[in-house]
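Student: Could you take me through one part of this model up close? I'd like to look at a single helix and then see how it sits in the rest of the chain.

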Amino acid sequence: MTILPSLIGPVTGLLDKFIEDKDKKNAIAFELSTMAEKHAQELAKGQLAVNQTEAAHKSLFVAGWRPAIGWICGFALLYSTIISPILGIWFTVPPVDSSLLTSVLMGMLGLGAMRTAEKVKGVQRER
């Protein structure tokens with residue numbers, strides 16, 4: 001998704017060489033410039049649909065995993081960045097390994113994005 005905006009400028013510049021009609025050239029340039037935004041909106045819509053389906057599931061293991069991990073990672077991040085330094089003024093507090101926290105959080109977000117991509121493409125497996 002990040003490569004698309006860098007390609008739009010050069011492609012729009014080539015329109016001057018191949019298309020003489022000014023209105024048609026402007027319409028194509030506008031379509032190219034909004035392409036990245038449309039793609040991002042479609043991905044967001046797909047993620048919303050997945051979130052809604054997971055939240056409505058009857059099983060706690062499907063509907064509850066994301067909030068549980070989110071709360072755990074959120075609390076650990078709050079502890080390591082705000083609570084621990086403040087408490088460290090008066091007490092000796094154990095440090096939190098933020099590399100582990102970041103790995104778990106990014107892995108969770110990456111798997112969620114991958115699952116969304118599978119559902120958007122229609123290649124997911126349902127059990």
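Tutor: Let's fix one term before we start: a residue counts as buried when its relative accessible area is under 20%, as exposed when that value is over 50%, and as partly exposed in between. Keep in mind that this is a predicted model. By that cut-off, 16% of the 127 residues in the protein chain are buried. The chain has five helices and zero strands, so reading from the N terminus you get α-α-α-α-α, by the DSSP runs used here.

The part to zoom in on is α5, which covers residues 98–121. Does its length add up? What span should its 24 residues give at 1.5 Å a residue? The expected value is 34 Å, and the C-alpha atoms at the two ends are 34 Å apart, so the two agree. Along α5, the buried residues are Leu-101, Met-108, Gly-112 and Thr-116. Right after the helix comes Gly-122, with a positive phi near 80 degrees.

Now step back to α4, residues 65–87, where you'll find Leu-78. Leu-78 is partly exposed, because its relative accessible area of 38% falls between the two cut-offs. Leu-78 also belongs to a nonpolar surface patch, together with Phe-75, Ile-82, Ile-86, Ile-89, Trp-90 and Phe-91. Together, the patch residues have about 790 Å² of accessible area.

For the whole protein chain, the accessible surface is about 10,000 Å², and carbon and sulfur atoms account for 68% of that. As for contacts with a separation of 6 or more, 41% come from residues 24 or more positions apart.

Key: Residues numbered from 1 in each chain as written. Predicted model: local features only at pLDDT ≥ 70, side-chain atom pairs only at ≥ 80, totals over all residues. Heavy atoms only, no water. Helix = DSSP H or I, 4+ residues; strand = E, 2+ residues; numbered from the N terminus. Expected span 1.5 Å × (residues − 1). Buried < 20%, exposed > 50% of the residue type's maximum accessible area, 1.4 Å probe, protein only. Patch = residues over 30% accessible without salt bridge, like charges linked within 9 Å, V, L, I, M, F, W, Y side chains within 5 Å. Areas by Shrake-Rupley, 256 points an atom, 1.4 Å probe, with all protein chains shown as cover. Salt bridge = Lys/Arg side-chain N within 4 Å of Asp/Glu carboxyl O. Contact = heavy atoms within 4.5 Å.
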